[in-house]
Amino acid sequence: MNVLTETRDLRKTLAAWAAEPEWSMLARYDLLRHKPPQTLGHRWYRRAQHALAALHLVRPHITRYSWLPTLKQAQPSGNFQTLLIWAPGVARENLRPACEGFAKQLASRSGLVPVLVTDLADFAYFSRLRWLVEYVPELSGDGPSYRERKLRYLAWRYRDALVVPAALGTASPSDWEEVMRMKF
């Protein structure tokens with residue numbers, strides 16, 4: 001499978017996952033959930049909504065805000081777009097050259113902020129890249145897979161990002177340009 005069809009299939013899959021989010025994961029990882037509303041009426045409404053959501057009668061309160069995946073040490077200047085590099089299941093010997101290829105391509109593009117989604121715990125290497133890394137481990141246990149649930153959550157969280165597979169890092173410059181121009 002070439003990089004273009006892999007990118008197209010990946011974007012379709014993630015768009016489908018983002019369209020049907022798991023509300024319990026969204027409520028669990030909502031960064032502003034502990035910030036109380038300003039008015040007394042809104043606080044009572046939020047408490048009632050929280051009680052009804054705990055009983056699975058209504059959806060939980062989810063704040064819709066823009067997610068900024070930038071790191072303090074790698075702040076871009078001006079406008080930027082998130083580049084989501086999807087690499088779950090990619091072996092370490094394939095991921096490192098792909099990351100180096102992305103680093104070379106991104107050196108000339110200041111408008112892209114890379115976020116790496118991976119299941120590899122190679123944090124010493126990833127910290128040298130100065131990218132945000134979304135680590136998705138495989139945890140064993142009963143019930144639904146945490147990894148699958150978190151991948152679906154990340155698809156929703158980065159729903160506005162430009163999604164590319166890790167294989168694009170080792171692709172030719174013409175394939176790189178084609179994927180960057182490709183619309184969903």
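How many helices and strands does the chain have? It has 7 helices and 4 strands. Helices here are DSSP runs of H or I with at least four residues, strands are runs of E with at least two, and both are numbered from the N terminus. This is a predicted model, in which local features need pLDDT of at least 70 and side-chain atom pairs count only at pLDDT 80 or more, while totals for chains, interfaces and linings use all residues. Residues are numbered from 1 along each chain as its sequence is written, and side-chain values use heavy atoms, with hydrogens and water left out.

**Overall layout**

From the N terminus on, the elements run α-α-α-β-α-β-α-β-α-β-α. The chain has 184 residues, and 40% of them are buried. Buried means under 20% relative accessible area, exposed means over 50%, and partly exposed lies in between (1.4 Å probe, protein chains only). Contact means heavy atoms within 4.5 Å. Among contacts with a separation of 6 or more, 72% join residues 24 or more positions apart.

**The sheet**

The 4 strands form an open sheet in the order E3-E2-E1-E4, with parallel pairing. Two strands pair if DSSP finds at least two bridges between them. Strand E3 (132-135) and strand E4 (162-165) are the edge strands, each pairing on one side only. From one strand to the next, the twist averages 25 degrees.

Strand E1 (residues 81-87) pairs with strand E2 (residues 112-118) over 7 bridges, in the parallel sense. In this pairing, glutamine 81 stands opposite leucine 112 in E2. E1 also pairs in the parallel sense with E4, over 4 bridges. There, leucine 83 stands opposite leucine 162 in E4.

E4 is covered on both faces. Leu162 and Val164 are buried on one side, Val163 and Pro165 on the other. In a regular strand the side chains alternate between the two faces of the sheet.

**Helices on the sheet**

Helix H1 (residues 3-19) lies across E1 and E4 and runs at about 130 degrees to E4. Helix H7 (residues 173-181) also packs on the sheet, where it touches E1, E2 and E4. The direction of H7 makes about 145 degrees with that of E4. Axes are lines fitted to C-alpha atoms, for helices over the stretch in contact, and angles run from 0 to 180 degrees between N-to-C directions.

H1 and H7 pack against each other at an angle of about 30 degrees, with their axes 10 Å apart. That makes H1 roughly parallel to H7, a term for angles under 35 degrees. Val3, Leu4, Thr7 and Arg11 in H1 meet Asp175, Glu178 and Val179 in H7.

**Nonpolar cores**

A nonpolar core is a set of buried Ala, Val, Leu, Ile, Met, Phe, Trp, Tyr and Cys residues joined through side-chain atoms within 4.5 Å. The largest one has 25 residues, of which Leu83, Phe102, Leu168 and Met180 touch the most other members. At least two residues each come from H1, E1, helix H4 (92-107), E2, helix H5 (123-129), E4 and H7. H4 gives the largest share, 4 residues.

Leucine 83 is in contact with Phe102, Leu106, Leu112, Val113, Pro114, Val115, Leu162, Val164, Trp176 and Met180, leaving aside neighbours within four places in sequence. Apart from the largest core lies another, of 20 residues, including Leu10, Leu14, Leu132 and Tyr146. In soluble globular proteins, nonpolar side chains tend to be buried together.

**Three single residues**

The table sets out location and accessibility for three residues.

| Residue | Location | Relative accessibility | Class |
|---|---|---|---|
| Glycine 101 | helix H4 | 13% | buried |
| Arginine 130 | loop between H5 and E3 | 44% | partly exposed |
| Glutamate 138 | loop between E3 and helix H6 (146-157) | 55% | exposed |

Glycine 101 is 65 residues from alanine 166 in sequence, and their C-alpha atoms are 9.7 Å apart.

Arginine 130 has a phi near 65 degrees, a positive value in a residue other than glycine. Most residues other than glycine have a negative phi.

Glutamate 138 touches Ser145 and Arg147, not counting residues up to four places away in sequence. Glutamate 138 and aspartate 119 are 19 residues apart in sequence, with 7.4 Å between their C-alpha atoms.

Key. Angles under 35 degrees count as roughly parallel, over 145 as roughly antiparallel, 65 to 115 as roughly perpendicular and the rest as oblique.
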